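I wanted to look up where the ligand sits, what surrounds it, and what empty space the protein leaves. My notes follow in the order in which I checked these points.

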Amino acid sequence: MSTANSTPNTSSNAFVYFFGALGGLLFGYDTGVISGAILFIESDLGLTPFLNGLVVSGILLGAMGGAALAGPLSDSLGRRRLILIAAVIFSVGAVGAALAPNVAVLVMFRIVLGFAVGAAALIVPLYLSEIAPTRIRGAVAALNQLMITVGILSAYVVNAALAPYEAWRWMVGLALIPALVLLVGMYFMPETPRWLVSKNRDDDARDVLHQTRTDEEAEREVREIKEIESREEGGLRELTASWVRPALLVAVGLAVFQQIIGINTIIYYAPTTLTEVGYGNQAAILANLVIGVLNVLMTLVAIRFIDRIGRKPLLTIGLFGMIASLSTLGISSLVLPAPGSPTDPVAIITLACLAVFITSFAATWGPVVWVMLPEVLPLKIRGAAMGVAIFLHWAANFVVSQTFPVFLDSLGPGVVFLGYAFVGAAALVFVRTFVTETKGRSLEEIEADLRGRSVAG
Ligand code: BGC
């Protein structure tokens, strides 16, 4: 209790939030880098289309495994320790993939990296959400998405810079640097107070809370966490308890809809779509960088508004933007003549629609989903339940990324993008029907409300 005082220490908080979120950067970099690297891996290692698919999507398969394991592990080992383990796997994966002598070894290390990506997708938002004070919890937890987008953009920039040298091994290997920074930085960061209380380490939890709260706030929070704790059974059995079901439904729905609305048809394939509507390779890569920058900037907008406007209005506004851009893209591809150059109407409309889509996603669904997952789920099963939702998130990502090129080829962009617009409409119904606001309420209040509703219902 030596650190107790009446004013929180804000400079050390910045470190906690930075290192807590840094795993997101590796998630973004490792998933984003392959779009450029694959061009050179293909010719260097002589990939067949099947092997090409495996190199690209191996990370998604690994991420499904990582998410499934990270849930229970984060509950038993602790949030901080699991981030450290993920940092080691990120480092090993980066070196292994960079030095891979053949495609089998490369695929293996892409799967290994996937485990770390899947684990980070779960543990980073969980850590941030549990460590942040209520009033800024949305903004702090959204730092995860900010880091993801910065990671994706860094990958695009590294790809563009190293493309003339065809240096794919450096592209994938450079991920070692942030992985080591994460490992060293996280070593000095605290465990979350909620996990500590769940392991009966109340004094340790108080110490952590005193770094970011006043004495009074810290005491109140420990009391609230303990009270919620004492009511729960915990364990996997609780995952199927009827009072938990509405929360699980919201978590799974948000995690899956965020993928099946088609975000990664843009993040992974925008250059392909743009070359199909008449852009040259250079122009497409440049436009891709613009998309990467928009993705980062609009996430900053979300961070500013998430604790003021709230989560649910952002989800709704984002869907309007995404549905509008997807339907415009779909309809214009169906009715306008096929483009031959970047100045043809369809080519201009396509670029504008991709920009509106990414803007709408980045300012809303990108961060909000990661912020809300830990918020809606009860403490004792938070890790395990997030594991279920995030496993399905990666499975959905895998299905979309595998089917998009096939659908584009067989159905054409018009039908494909209208299909995603339809998914957006379904997401809107889902949000309006099932999602409740979490802004401004402590995690314990949200949980008490969930229990109350099940008793009342
Ligand atoms: C999604 C990723 C996506 C990224 C784009 C994340 O929230 O989970 O699949 O590539 O946002 O910024």
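**Entry 1: the ligand and its contacts.** I keep in mind that this is a predicted model. I began with the polar contacts and noted that a polar side-chain atom of Q258 lies 2.9 Å from an oxygen atom of the ligand. For W370 I also found a polar side-chain atom 2.9 Å from an oxygen atom of the ligand, and for Q145 the distance between a side-chain N or O atom and a ligand oxygen is 2.7 Å. I then looked up the exposure: taken alone, the ligand exposes 320 Å², and the protein buries 100% of that.

**Entry 2: the shell around the ligand.** I counted 14 residues surrounding the ligand, and the closest of them are Q145, Q258, Q259, N264 and W370. Sorting the shell by class, I obtained nine polar residues, five nonpolar ones and no charged ones. Which helices supply at least two residues of this shell? I listed α6 (137–162), α12 (245–260), α13 (263–267), α18 (365–376) and α19 (382–434), and I noted that α6 gives the most, with three residues.

**Entry 3: the cavities.** I next asked how many cavities of 30 Å³ or more there are, and the count came to three. The largest cavity has a volume of about 180 Å³, and its lining consists of 17 residues, with F27, I148, I152, Q259 and N264 nearest its centre. Two or more lining residues come from each of α1 (10–32), α6, α12, α13 and α19. By class, I recorded nine nonpolar and eight polar residues in this lining, and no charged ones. Returning to the ligand, I found that the space it takes is this largest cavity.

**Entry 4: the largest pocket.** I turned last to the largest pocket, for which I wrote down a volume of about 1200 Å³. Its lining has 45 residues, and S35, I38, L39, Y268 and T272 lie nearest its centre. I found at least two lining residues from each of α2 (34–45), α3 (49–76), α6, α14 (270–276), α15 (281–305) and α19, while the largest share, ten residues, comes from α3. Sorted by class, the lining of this pocket has 27 nonpolar, 14 polar and four charged residues.

**Entry 5: looking back.** I note that α6 and α19 each supply at least two residues to the ligand shell, and that both helices also do so for the lining of the largest pocket.

Notes
Residues are numbered from 1 along each chain as its sequence is written. This is a predicted model: local features need pLDDT of at least 70, side-chain atom pairs count only at pLDDT 80 or more; totals for chains, interfaces and linings use all residues. Side-chain values use heavy atoms; hydrogens and water are left out. A residue is near a molecule or strand if one of its heavy atoms lies within 4 Å of it. A polar contact is a pair of N or O atoms within 3.5 Å; within protein, one must be able to donate a hydrogen and the other to accept it, and residues adjacent in sequence count only if both atoms are side-chain atoms. Accessible areas come from the Shrake-Rupley method with a 1.4 Å probe; for residues, only the protein chains shown count as cover. On a 1 Å grid over the protein atoms alone, a cavity is a set of points where a 1.4 Å probe fits but cannot get out, and a pocket is an open set with protein on both sides within 12 Å along at least five of seven lines; lining residues have an atom within 4 Å of a point. A molecule sits in a cavity or pocket if more than half of its atoms lie within 2 Å of its grid points. Helices (H or I, at least four residues) and strands (E, at least two) are DSSP runs, numbered from the N terminus. Ala, Val, Leu, Ile, Met, Phe, Trp, Tyr, Cys and Pro count as nonpolar, Asp, Glu, Lys and Arg as charged, and the others, Gly among them, as polar. Grid points are joined across faces, edges and corners, and a volume is the space filled by probe spheres set on the points.
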